[in-house]
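Grab a coffee and work through a few short exercises on the chain shown here. Try each task before you read its solution.

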Amino acid sequence: MNNQLLKFKTPLILSLLLVLPFMLMEWINVRDFTLGFPFGLFGYMWLVALIFSFAGSAWLRSLRKGEKNPGAILMRLLLLVVIGISIWSFSYVLADQWPCFLGVPNCD
């Protein structure tokens with residue numbers, strides 16, 4: 001069971017480190033949270049970063065093992081699709097919310 005938890009440790013830390021700077025930028029630059037802090041936005045960004053880092057780490061583990069069966073090749077292909085969708089989704093949200101991170105009024 002301990003080995004299973006270690007598989008989640010690295011993606012959790014990586015996704016947190018990826019989203020944390022944007023949370024800090026929002027916190028420092030906005031200062032007026034009359035509508036509340038956007039926990040949903042950062043939760044979504046964290047979830048996408050978690051999926052990306054988990055799929056990437058699983059893909060790297062399978063490459064290190066050198067699996068040759070067709071099921072593993074199909075799984076790698078599916079993981080690459082997940083990684084591509086994750087990167088696109090994360091970059092879209094990041095580009096959309098960038099003015100809000102910088103503290104521009106009425107950025108929505």
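The exercises below use a predicted model, and each solution goes step by step.

**Exercise 1. Work out where Val30 sits and which residues it touches, leaving out those up to four places away in sequence.**

Solution. Start with the secondary structure: Val30 belongs to helix 1, which covers residues 2-30. Next, check the surface. Val30 has 26% relative accessibility, so it counts as partly exposed; buried would need a value under 20%. Now look for partners: Val30 touches Met25, Cys100 and Gly103. Finish with Gly103, which is 73 residues from Val30 in sequence, yet their C-alpha atoms are 4.8 Å apart in space.

**Exercise 2. Decide whether Ser15 is buried or exposed, then list its contacts beyond four places in sequence.**

Solution. First, place the residue: Ser15 is in helix 1. Then take its relative accessible area, which is 1%. The cut-off for buried is under 20%, so Ser15 is buried, given its 1%. Last, the contacts: Ser15 touches Trp46, Ala49, Leu50 and Ser53.

**Exercise 3. Classify Leu78 by its accessibility and find how far it is from Ala55.**

Solution. Leu78 is part of helix 3, residues 70-101. With 47% relative accessibility, Leu78 counts as partly exposed, because exposed would take a value over 50%. For the distance, go C-alpha to C-alpha: Leu78 and Ala55 are 9.4 Å apart, with their positions 23 residues apart along the chain.

**Exercise 4. Take apart the largest nonpolar core: which helix gives the most to it?**

Solution. List the members first. The core has 12 residues, among them Val19, Phe22, Phe42, Met45, Ala49, Phe90, Leu94 and Phe101. Then see who contributes: helix 1, helix 2 (39-65) and helix 3 each supply at least two residues of this core. Helix 2 comes out on top, giving 5 residues. To see one member up close, pick Leu94: setting aside neighbours within four places in sequence, Leu94 is in contact with Phe22, Met45 and Phe101.

**Exercise 5. Describe the second largest pocket: how much space does it hold, and what lines it?**

Solution. Begin with the volume, about 150 Å³. Now go round the lining, which is made of Ala58, Arg61, Ser62, Lys65, Glu67, Ala72, Met75, Arg76 and Leu79. Helix 2 and helix 3 each supply at least two of these lining residues. Finally, sort the lining by character: 4 are nonpolar, 1 is polar and 4 are charged.

Key:
Residues numbered from 1 in each chain as written. Predicted model: local features only at pLDDT ≥ 70, side-chain atom pairs only at ≥ 80, totals over all residues. Heavy atoms only, no water. Helix = DSSP H or I, 4+ residues; strand = E, 2+ residues; numbered from the N terminus. Buried < 20%, exposed > 50% of the residue type's maximum accessible area, 1.4 Å probe, protein only. Contact = heavy atoms within 4.5 Å. Core = buried A, V, L, I, M, F, W, Y, C linked by side-chain atoms within 4.5 Å. 1 Å grid on protein atoms, 1.4 Å probe; cavity = no way out; pocket = protein on both sides within 12 Å on 5 of 7 lines; lining within 4 Å. Points joined across faces, edges and corners; volume = space filled by probe spheres on them. Nonpolar A, V, L, I, M, F, W, Y, C, P; charged D, E, K, R; others polar.
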